[in-house]
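Please open the model in your viewer and keep the selection panel at hand.

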Amino acid sequence: MPLQQQYPDTFSFHYVMGLRFRLALSYVLFFGLLLIIVGFAMRGLLSSIIDREIRGVLEEEWVAVKGYMRIENRRPSWTFERYDPEEREIIDRLRNGAFMVAAEDGTILDMSSTYKALGPDKPAEIREAIKGNRPNWMVRIDDYGYPYTLRAGVVYDQQHRPYYLVVGKPVAEYQNTIDIFTRNYFALIPVALVVSGLLGWLLARRALQPLNDVAAAAKHMTGSNLKVEIPLRGANDELERLIESFNAMSARLASSFEQMRQFSTDVSHELRTPLTAIRGQLEVALFTAQTTDQYRDAMFNALQDVEQLSNIVRALLLLSQAESGQLVLQMAPLRIAAVVEDISEQFQLSAEEQKITLTIRIDDAEAMVRADRTQIVRLLTNLLSNAVKYTQPGGSVEVHQRTEGSEVVLSVRDTGMGIPAENLPHVFDRFYRVRPAHTHPAQGLGLGLSFVDWIVKAHHGRIAVESELGKGTTFTVHLPVAEANSSRPSETGQHIVPPSVSGSHQVYRQ
Ligand code: ADP
């Protein structure tokens, strides 16, 4: 069922609310943190730019004061072109600003009233500064609490006597700019967070929609409707892969379920046939048989059907144990040629009876595999019994064992009736029989090859079948060669196990 219609929002609310909320919240928190960090960084940057600006201006003013101030005999005076309005304005501005000039012994010679509010320098400090003779930058707060940046340095009079000159500038107006920026910036953060929160909420909804679809689809899966398909969005992302996996899982579940259903139908069918026969024989015994021989016959036939019934049950039990992983494999190094010879010998008699030539060809008598002997015997027995069963008198069966690269290859080839191409892919399915049961009396339950397939997979091998109708069939089994360090086997191939795995049992699942 394609899931075209998206499920109502209430669904997403119940199932993904938590995740959606967390996603949006983390987005907001992260964004908020980022904004705060950026705010502080910009504030720092702005302060450093402004500080550099103030120092630049102050340096110019200091140089201007130094130029306009003449000091003679410890008496400083401003020299400028009195009738030049521009110069007058500059001098007025400088004199109204913060400045101070002191002599070498620490006596203050001149000082503006603005500077006085900053607290005059101590004579010792002045003497020290003159001795140091290098430009000095300071920050000082005046009596009213306003911060000033000061530029101090040494100047000389005509007689080359040093004086201490300090020029200051209030930083309040610059500070104001930074404060306004900071206030506005941080006031905007909550707005940005609300907007980003809304955006995050909407984005999270979009991003999580595929999860909603998967959850909704999973909810709509029932025993009778396991094949649910969520349409792909065409985005090559993780969620797309989740949807693909989900679709694949639902397809697998549907097919397993279908197999199970088919299996139970087949089993009931298989059990019904001998049961009906037994019932028929018992009815004969009860209602129509008169003589002892007739009773005996009926009972004998019923017993044969009971035997068939128990064969079916035994085979089913074995297969279910194998498929549920309960069948423990006794893995050990095994010389495969020995098993091939053993089993082929056992079939020699029945082959001769049916006028079939059975030959064995062993190319690599020493080839070893790690395997459970009982299962390998079962595998070969099934393949050989089929080959003999489905080959007409005068035909031949050949078992060929060889090594190809890192694999031991076993093939069973017959010149029998063959399998039609359309049936070939199904021969390993449970209860699959190529021909209707009545057309070929020798046909079994259709379980033999499914068991062979399981054994091969449990031994990490693979099996292939080739067939031509009327000409014959070849089953080829590839098994991995045992590790070189495996101990050489005994004839039965069961005993010697490498110490590291000694006594261990391996369980293989299909
Ligand atoms: P069965 O017990 O019926 O032989 P299998 O699972 O062993 O069941 O085989 C499935 C079907 O495949 C058989 O019913 C038979 O029709 C077909 N088949 C298997 N082996 C051969 C073969 N060597 N030649 C022709 N048909 C075969």
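The tour goes from the ligand to the pocket around it.

This is a predicted model, in which local features need pLDDT of at least 70 and side-chain atom pairs count only at pLDDT 80 or more, whereas totals for chains, interfaces and linings use all residues. Residues are numbered from 1 along each chain as its sequence is written, and side-chain values use heavy atoms, with hydrogens and water left out.

Select the ligand and the 21 residues around it, of which N386, Y390, D414, G444 and L449 come nearest; a residue is counted here if one of its heavy atoms lies within 4 Å of the ligand. Then show the polar contacts, which are pairs of N or O atoms within 3.5 Å: a ligand oxygen is 2.8 Å from a side-chain N or O atom of N386, another pair joins a polar side-chain atom of Y390 to a ligand oxygen at 3.0 Å, and a polar backbone atom of L449 lies 2.8 Å from an oxygen of the ligand. The protein covers 97% of the 530 Å² of accessible area that the ligand has on its own, by the Shrake-Rupley method with a 1.4 Å probe.

Next, colour α9 (373–389), α10 (448–458) and β15 (472–480), each of which supplies at least two residues of this shell; helices (H or I, at least four residues) and strands (E, at least two) are DSSP runs, numbered from the N terminus. The most comes from α9, with three residues.

Conventions
Polar contact = N/O pair within 3.5 Å; in protein donor to acceptor, adjacent residues only side chain to side chain.
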